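Work through the exercises below with the sequence and the model open. Each task is followed by a solution in steps.

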Amino acid sequence: MRLDVVTIFPDYLAPLDLSLIGKARRDGILDVHVHDLRTFTDDRHRTVDDSPLGGGAGMVMKPEPWARALEHVVDAGASQGAPVPHLIVPGPGGVPLTQALAHELAQEPWLAFACGRYEGIDERVYEHAGERMPVTIVSLGDYVLNGGEVAVLAIVEAVGRLLPGVVGNAESLVEESHEDGLLEYPVYTRPAVWADGDVVREVPPVLLSGNHGAIAAWRHEQRLERTAARRPDLLPTSATTGALADLDVR
Ligand SMILES: OB(O)c1ccc2cc[nH]c2c1
């Protein structure tokens, strides 16, 4: 998968050189290109913003640099087995990033990301891009960041880790939060008995039983309890009115 990111803060994307995503780049699974929007300005001050027409606070990102930048991205990546990328624009007014959307995006050969700043990008950029490529505005959640870069890091990690070969043990992708509608179960490791000062904290005994059926059943119940307690919205209605409704969840 090829990823192109256009931003006025290229250094913000440095974390894409680290950990599993960085390894995926070195392994040739991800081909990441970060572009500085100011490269596509045409004035000595490398201007990317201007006051909002119609008044209002803050500044708006000018359309011309974006049009040049996205044209450059399309030209640079034309050999990707797809003529154009799917353009993802992070924004608080977008569709929510979900695990399902991450799986959809992980099927694509080429994603491009436009990182807005200030009060946002001139609306005509979305129209101009939409005439040339699929465009999706994606939100991390119902809160507002100062720009799209943090959201791109989150989206690239959520999508990249789903690509074959990125996560060492593919099984670890199965029983994760949101993969099948439930939150993950609690995890423990050694020591089985942890002397935390005067407090002794033990691992649930079932995990030491060697009874894999009992362990699986306990873990599933933990997932149901956690989901009912923290994210009842994820449970089917029937689950919250049936046995789960009687659970003493904190
Ligand atoms: O909350 B966000 O995902 C987000 C994304 C882009 C811009 C640009 C200016 N504010 C932004 C906020």
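**Exercise 1. Place proline 191 in the chain and describe the peptide bond before it.**

Step 1. Proline 191 sits in the loop between helix 5 and strand 8 (193–196). Helices (H or I, at least four residues) and strands (E, at least two) are DSSP runs numbered from the N terminus.
Step 2. The bond that joins arginine 190 and proline 191 is a cis peptide bond, with omega about 5 degrees.

The model is predicted, so local features need pLDDT of at least 70 and side-chain atom pairs count only at pLDDT 80 or more, while totals for chains, interfaces and linings use all residues. Residues are numbered from 1 along each chain as its sequence is written, and side-chain values use heavy atoms, with hydrogens and water left out.

**Exercise 2. Describe the backbone and the exposure of serine 19 and arginine 46.**

Step 1. Serine 19 belongs to helix 1 (residues 19–26). Its phi is positive, about 50 degrees, although serine 19 is not a glycine.
Step 2. Serine 19 is exposed because its relative accessible area is 59%; the classes are buried (under 20%), exposed (over 50%) and partly exposed (in between), with a 1.4 Å probe and protein chains only.
Step 3. Arginine 46 is in the loop between strand 2 (31–36) and strand 3 (49–50), and its phi is near 55 degrees, also a positive value in a residue other than glycine.
Step 4. Arginine 46 has 38% relative accessibility, so it counts as partly exposed.

**Exercise 3. Examine the loop that holds tyrosine 143 and valine 144.**

Step 1. Valine 144 lies between strand 7 (135–139) and helix 5 (149–160), and tyrosine 143 is in the loop between strand 7 and helix 5.
Step 2. Valine 144 counts as exposed because its relative accessibility is 67%, whereas tyrosine 143, at 44%, is partly exposed.
Step 3. The C-alpha atom of valine 144 is 8.1 Å from that of glycine 91, a residue 53 positions away along the chain.
Step 4. Tyr143 joins Phe9, Tyr12, Leu145 and Val150 in a nonpolar surface patch of about 430 Å².

**Exercise 4. Characterise the largest pocket.**

Step 1. Its volume is about 480 Å³. Of its 26 lining residues, Pro90, Gly91, Pro92, Gly93 and Gly120 are the closest to the centre.
Step 2. On a 1 Å grid over the protein atoms alone, a pocket is an open set of points with protein on both sides within 12 Å along at least five of seven lines, a cavity is a set where a 1.4 Å probe fits but cannot get out, and lining residues have an atom within 4 Å of a point.
Step 3. Strand 5 (86–96), helix 4 (123–130) and strand 7 each supply at least two lining residues, and strand 5 gives the most, with six.
Step 4. By class, the lining has 13 nonpolar, ten polar and three charged residues. Ala, Val, Leu, Ile, Met, Phe, Trp, Tyr, Cys and Pro count as nonpolar, Asp, Glu, Lys and Arg as charged, and the others, Gly among them, as polar.

**Exercise 5. Find the enclosed space and state what lines it.**

Step 1. A search of the whole structure finds one cavity of 30 Å³ or more. The largest cavity holds about 40 Å³ of space.
Step 2. The residues that line the largest cavity are Leu70, Leu87, Val89, Ala114, Ile121, Val125, Tyr126 and Ala129.
Step 3. Helix 4 gives the most to the lining of the largest cavity, with three residues.
Step 4. That lining has eight nonpolar, no polar and no charged residues.

Note on methods: Grid points are joined across faces, edges and corners, and a volume is the space filled by probe spheres set on the points. Patches are made of residues with over 30% relative accessible area and no salt bridge: like charges are joined within 9 Å, nonpolar side chains (Val, Leu, Ile, Met, Phe, Trp, Tyr) within 5 Å. Accessible areas come from the Shrake-Rupley method with a 1.4 Å probe; for residues, only the protein chains shown count as cover. A salt bridge is a side-chain nitrogen of Lys or Arg within 4 Å of a carboxyl oxygen of Asp or Glu.
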